[in-house]
Amino acid sequence: MSQLPDKDRLAAFIRENPDQAGKRELARAFGLKGAQRIELKRMLNELADEGVIERRAKRSFGAPGQLPPVAVLVAGAPDANGDLIATPQDWDRDEPAPRILILPGKGPAPGEGDRLLTRVQPVTGEDGHQYLGKVIKRIGSGPRRMLGIFRRAHDGAGRLVPVAKGDQREWVILPRDAGEAENGELVEAEQLSDGPQRRRAIGLPKARITERLGAPGTAKTFSLIAIHEQGIPDAFPEEVEEAAAAARPVEGLKGREDLRDLPLITIDPADARDHDDAVAAMPDRDPANPGGHIVWVAIADVAHYVRPGGALDREALKRGNSTYFPDRVVPMLPEALSADLCSLVEGEDRPCIALRMVLDEQGAKIAHDFHRGIMRSPASLTYEQAQAAADGRPDEATVPHLEVLAALYAAYDCAAQARDRRQPLELDLPERRIRLDAAGNVAAVGFRERLEAHRLIEEFMIHANVCAAETLEAKRRPLLYRVHDVPGEDKLDALREVAEGCGLTLSRGQAPRPALFNRLLRQAAGSDFAELINLSVLRAQTQAYYSPDNLGHFGLNLRAYAHFTSPIRRYSDLIVHRALIAAHDWGTDGQKGPEIEALKETAEHISFTERRSMTAERDTNDRYLAAYLADRVGNEFAGHVSGVARFGLFVKLDETGADGLVPIASLGREWFRHDADAHTLIGEDSGRVIAMGQKVLVRLQEAVPVTGGLLLELLEIEGEDGPRPRGRNRAPRKRIGGARIAKAKAKRKPRRH
């Protein structure tokens, strides 16, 4: 066992190695194990409290004022020597922002105002800069852009009121910069420079309208706002559309295996816009494997059409993934490919990369191999159709394929045994579903039913992803792993506080494993705290990401995991496909040297685009829900406390799953103290405790579709009257305990149609 470093050595290491300053990386660097890791955590906390180092996101640390290894920068104008100098986008310190010299790279040089995702490295500041920066990707070009509502004054000038949540700063629009924008219109604007010295002028900042987007309240603008806010590319360049239009179906086998006799059916959501995976199963006739099964998973061969370095490839990498909204999809690939040539359409010959797995009667995988072939799917089914057929209620589409479905479910029953032994994280969180009418307005809000058919496809896709990672490791081919790190001790402590507040226990002193969380989830199952505990366990997890280094997948409890099954909508899967092509020597369209060299940058980029899409999808759903509830302002809703912050409570409404804010100023006349560790608000005078998971009754005070914000008034907590709002008298309310909440659940205003 290595010797624990002293605090001076530890602080020096963090300053000199900012990319290895997480708790886990530090323990690995110094060879610390067991109790030494606990002592390391104590030393890090002491150094942070003393101001020697500072805490960062993802349980990492850094020297005060030191930039993280990867940061978003804003490019300035070239200096007198022609060098490009950038500064951090978010710099809230009193001292001047550090200067970063951007190293030359491939492609056009960044322009002034461009936002750059950059890997930074500290250097001595002899030439006036403190860091060197290598651009990973350009996030946005030119001056800062924002979306807002234009409010025109009588003189033709006006103000831009931002639509982003929490952005209260308005922008001045001079008459010459307003164009033909109309009062109340949703517009995109760009920040104007304050002059050659870039000094901040007195008063509000100025902006110029660059695009008119229409009336802000219409449903079709909700996803458009998110697309613009997040900088998601939503229009394909002409050369990309031309490349997609020029693509042709594969004719003949051309060195591929003929898999058209396999009953590879697709099972997808009813509203699926593409079909990139198909499955089949049959009993294994090998006498050495009694009770075993053979499972086939075939995936669309996107790599055949999207060649490395081409126009389609460059645009797919730029987007990173498809983004899904209730009213539209921003696809990674043009529709000619995503919905046609690459989609495993029923009855059509399609190129594929297929996996053949052999499972024993306990569901353990005993062999697998990959094939590049041509398939023809005999059926395209929905999850509901497949499940109904399995339950003895087939329809016209499933009757011809009952034997295929029976074999799939039999193989899944065995695979589920292996999954149960593996014990992945078993979260039970309902998936919200927003259904639109023909006009694009919200017709209904519900929750997707979780069927056994969903679990079947999910389990076989997980198996396929594992097989892809194992095969590429065995053949020594570089790949991108899907990585999910072990939860940090600080998050475990926070989860433990929530569990204990619910009367449950999360064992101490045990190494974090999914089984540890599953025991807590089983304790909460069926109780009033079930959803709270599931959400809290989810929040305790780290965010998954892509990496060329295999760090394992904690949630799935897997040693090696890659994404292979969705190359139509994820660039990570396309990389794995190319690696498999190169590993099997299937053709010239496989992995190339430049792609291998750029794996780290690619991983960082597509991890970023994935988070960007998740944010855009979440914000759009919030806007649709606010629009759905806008005509029910004043109604009462049952819900539960889903979050506690110093500025108020977040309440999740039971009916729709929408989240709203109860401002702390409305909670009563006494002062409420925020306990961040316990996730509670505590009344200083009454001692009243408001905690996560408590049942509440709220009144909807405001719903703002353009921002997705809901403002709520707290009426009851666990059947007791809520605090009286400051500055106004609320009429006495007859206390009827939980009956009032039950009534709010039962008596709901009819939904709009």
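## Exercises on a predicted model

R15 has its place in helix α1, which spans residues 7–16. The model in which this helix appears is predicted, and the exercises below work through some of its features.

**Exercise 1.** Determine whether R15 counts as buried, partly exposed or exposed, and state which distance separates its C-alpha atom from that of I53.

*Solution.* Begin with the accessibility: the relative value for R15 is 42%. Partly exposed covers the range between under 20%, which is buried, and over 50%, which is exposed, and therefore R15 counts as partly exposed at 42%. Then turn to the distance: R15 and I53 lie 38 residues apart along the chain, while their C-alpha atoms are separated by 8.4 Å.

**Exercise 2.** Describe how helix α5 and helix α17 cross, and name the residues that meet there.

*Solution.* First, locate the helices, with α5 covering residues 220–230 and α17 covering residues 599–629; their axes come within 9 Å and cross at roughly 150°. Because angles over 145 degrees count as roughly antiparallel, α5 is roughly antiparallel to α17. Next, take the handedness, which is right-handed where α5 passes α17. Finally, list the residues: from α5 come F222, S223, I225, A226, E229 and Q230, and these meet R612, T615, A616, D619, T620, R623, Y624 and A627 in α17. The residues of this contact of α5 with α17 divide into six nonpolar, four polar and four charged.

**Exercise 3.** Compare the settings of R476 and N557, beginning with the phi of each residue.

*Solution.* Most residues other than glycine have a negative phi. R476, however, is a residue other than glycine with a positive phi near 55°, and N557, also not a glycine, has a positive phi of about 55°. As for their places, R476 is in the loop between α11 (452–474) and β24 (481–483), whereas N557 is found in the loop between β25 (545–547) and α15 (571–584). In accessibility, R476 counts as exposed at 76%, while N557 is partly exposed at 32%.

**Exercise 4.** State what pLDDT the protein chain averages, and find which stretches score below 50.

*Solution.* Start with the whole protein chain, whose pLDDT averages 86, with 89% of the residues scoring at least 70. Residues 195–201 fall below 50, and beyond near neighbours in sequence this stretch has six contacts in the model. Residues 730–753 are also below 50, and beyond near neighbours in sequence that stretch has 50 contacts in the model. Where pLDDT is low, the predicted coordinates should not be read in detail.

How values were computed: Residues are numbered from 1 along each chain as its sequence is written. This is a predicted model: local features need pLDDT of at least 70, side-chain atom pairs count only at pLDDT 80 or more; totals for chains, interfaces and linings use all residues. Side-chain values use heavy atoms; hydrogens and water are left out. Axes are lines fitted to C-alpha atoms, for helices over the stretch in contact, and angles run from 0 to 180 degrees between N-to-C directions. Helices (H or I, at least four residues) and strands (E, at least two) are DSSP runs, numbered from the N terminus. Angles under 35 degrees count as roughly parallel, over 145 as roughly antiparallel, 65 to 115 as roughly perpendicular and the rest as oblique. A crossing is left-handed if the near helix is turned anticlockwise from the far one by less than a right angle, and right-handed if clockwise. Contact means heavy atoms within 4.5 Å. Ala, Val, Leu, Ile, Met, Phe, Trp, Tyr, Cys and Pro count as nonpolar, Asp, Glu, Lys and Arg as charged, and the others, Gly among them, as polar. pLDDT is the predictor's confidence in each residue, from 0 to 100. Buried means under 20% relative accessible area, exposed over 50%, partly exposed in between (1.4 Å probe, protein chains only).
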